[in-house]
Every structure is written in C-alpha cells, then in structure tokens.
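Thanks for coming, everyone. Please have the sequence and the structure open while I talk. I'll go through some surface residues and then the pockets.

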Amino acid sequence: MARTDLTLGELTARDHAFYGLVWAGTTLSTRVDQALAKAHDLPLSWFEVMLWLHGQDEPVAASDLGAKTLLSRSQVSRVADSLQARGLVERAPSPTDARSVRIALTPEGRRLFAAADATRRDALAEAFNDRLDDADIAALEAVWAKLKQPPAEPRP
C-alpha cells in the first residue's frame with residue numbers, strides 16, 4: 001500500500017512559523033531526551049532541573065525552579081525527589097523560611113551534569129549546530145527574546 005504524503009494545507013506565514021517552532025522544539029527535545037536516557041538514564045526533565053541548579057552558586061528553592069523550568073512546582077518536586085534518590089541533589093532547610101527547602105547539585109550531580117551536557121551537545125550537533133551559522137543563532141536569540149517578553153497591555 002502506498003504511503004500518503006500528508007500536508008497541513010494552506011497556511012499563513014505566521015501559522016507556518018508557529019508550527020515550525022513546535023516541530024523543531026519537539027524534534028530536538030525528543031532527540032536530546034533519547035540520548036540522555038540511553039547514555040545516562042537521565043530524562044530531559046531531570047536534565048533541565050540540573051541545568052538550572054548547575055548555574056547557581058547557592059541552593060535554590062523548588063518554587064524558583066518551577067518558575068524557570070517548563071515544569072510545574074509539583075513536577076519539580078518529583079524530579080528533585082528522583083535526583084536526590086540517585087545522590088545527584090541535596091536538600092537543605094531554607095535559612096529564611098522554615099517551611100521551605102533549598103536544592104543544590106551534589107559533586108556527583110555536577111559530574112553527571114557535565115557528562116550529560118556533553119551528550120546533549122553531541123545529540124544536537126547534526127540536527128542543530130551543524131545546520132545553523134552564527135547569523136542563524138543570533139536571529140533565533142532575537143526571536144526568543146521577543147517571545148519571552150510579557151504581552152503588551154490591551155488598549156482601552
């Protein structure tokens with residue numbers, strides 16, 4: 001049986017750009033997730049939490065991680081539980097809020113993050129880095145900066 005080549009039909013340039021972003025995000029995330037799982041038994045969601053922790057000099061509150069990652073606060077808590085069970089993060093009481101805990105990478109977590117980040121870079125080499133030049137990256141950075149801005153207030 002012959003395979004039918006599906007199309008999205010007629011799309012505006014804006015619709016095409018939007019679906020292109022969705023496709024790129026899904027495709028690249030899947031590639032990285034599979035590589036991290038195979039090489040390190042590390043889901044992409046765990047890597048994302050580790051990425052934010054790696055960039056900090058001090059332990060951070062789970063709520064702060066939830067605000068920065070693509071995960072909900074409860075997802076961050078479950079990921080932190082899993083990372084702690086593997087000895088990759090440690091929790092400590094907050095010095096300013098007795099109800100809160102702060103999370104930091106352990107030395108083993110920092111070591112695994114460095115190895116996993118190298119795996120991420122390798123996974124993206126052919127599909128991303130090798131296809132985009134510096135001008136492409138600058139254009140993407142400009143687009144992301146615009147999309148991250150809060151929406152303008154509606155006009156009265």
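Asp-134 sits in helix α6. Keep in mind that this is a predicted model. Is Asp-134 buried or exposed? Asp-134 is exposed, because its relative accessible area is 71%, and the cut-off for exposed is over 50%. Now find Glu-10. Along the chain, Asp-134 and Glu-10 are 124 residues apart. In space, 31 Å separates their C-alpha atoms.

Next, Asp-81. You'll find Asp-81 in helix α4. Its relative accessibility is 40%, so Asp-81 counts as partly exposed. Partly exposed here means between 20% and 50%. How many residues lie between Asp-81 and Lys-148 in terms of chain separation, and what is the C-alpha distance? They are 67 residues apart along the chain, and their C-alpha atoms are separated by 29 Å.

Third residue: Val-22. Val-22 belongs to helix α1. With a relative accessible area of 39%, Val-22 is partly exposed too. Val-22 also helps make a nonpolar surface patch. Its partners there are Leu-8, Phe-18 and Tyr-19. The patch covers about 420 Å².

Now the pockets. Rolling a probe the size of a water molecule over the atoms shows where empty space is left. The largest pocket has a volume of about 1800 Å³. Its lining has 36 residues. Which of them are closest to the centre? They are Gly-25, Leu-28, Ser-29, Phe-128 and Trp-144. Please click on those five.

Which helices supply at least two residues each to this lining? They are α1, residues 13-40, α2, residues 44-54, α5, residues 107-129, and α6, residues 134-148. Helix α1 gives the most, with twelve residues. So we meet two helices again: α1, where Val-22 lies, and α6, where Asp-134 lies. By class, the lining of the largest pocket has 21 nonpolar residues, six polar and nine charged.

On to the second largest pocket. Its volume is about 180 Å³. The lining includes Ala-61, Ala-62 and Ser-63, along with Arg-73 and Ser-77. Further along the chain, Arg-91, Asp-97, Arg-99, Ser-100, Val-101 and Ile-103 line this pocket as well. Three elements supply at least two residues each: α3 (62-68), α4 (73-85) and β3 (101-105). Helix α4 is also where Asp-81 has its place. What classes make up this lining? Four residues are nonpolar, three are polar and four are charged.

That's my tour.

Methods:
Residues numbered from 1 in each chain as written. Predicted model: local features only at pLDDT ≥ 70, side-chain atom pairs only at ≥ 80, totals over all residues. Heavy atoms only, no water. 1 Å grid on protein atoms, 1.4 Å probe; cavity = no way out; pocket = protein on both sides within 12 Å on 5 of 7 lines; lining within 4 Å. Points joined across faces, edges and corners; volume = space filled by probe spheres on them. Helix = DSSP H or I, 4+ residues; strand = E, 2+ residues; numbered from the N terminus. Nonpolar A, V, L, I, M, F, W, Y, C, P; charged D, E, K, R; others polar. Patch = residues over 30% accessible without salt bridge, like charges linked within 9 Å, V, L, I, M, F, W, Y side chains within 5 Å. Areas by Shrake-Rupley, 256 points an atom, 1.4 Å probe, with all protein chains shown as cover. Salt bridge = Lys/Arg side-chain N within 4 Å of Asp/Glu carboxyl O. Buried < 20%, exposed > 50% of the residue type's maximum accessible area, 1.4 Å probe, protein only.
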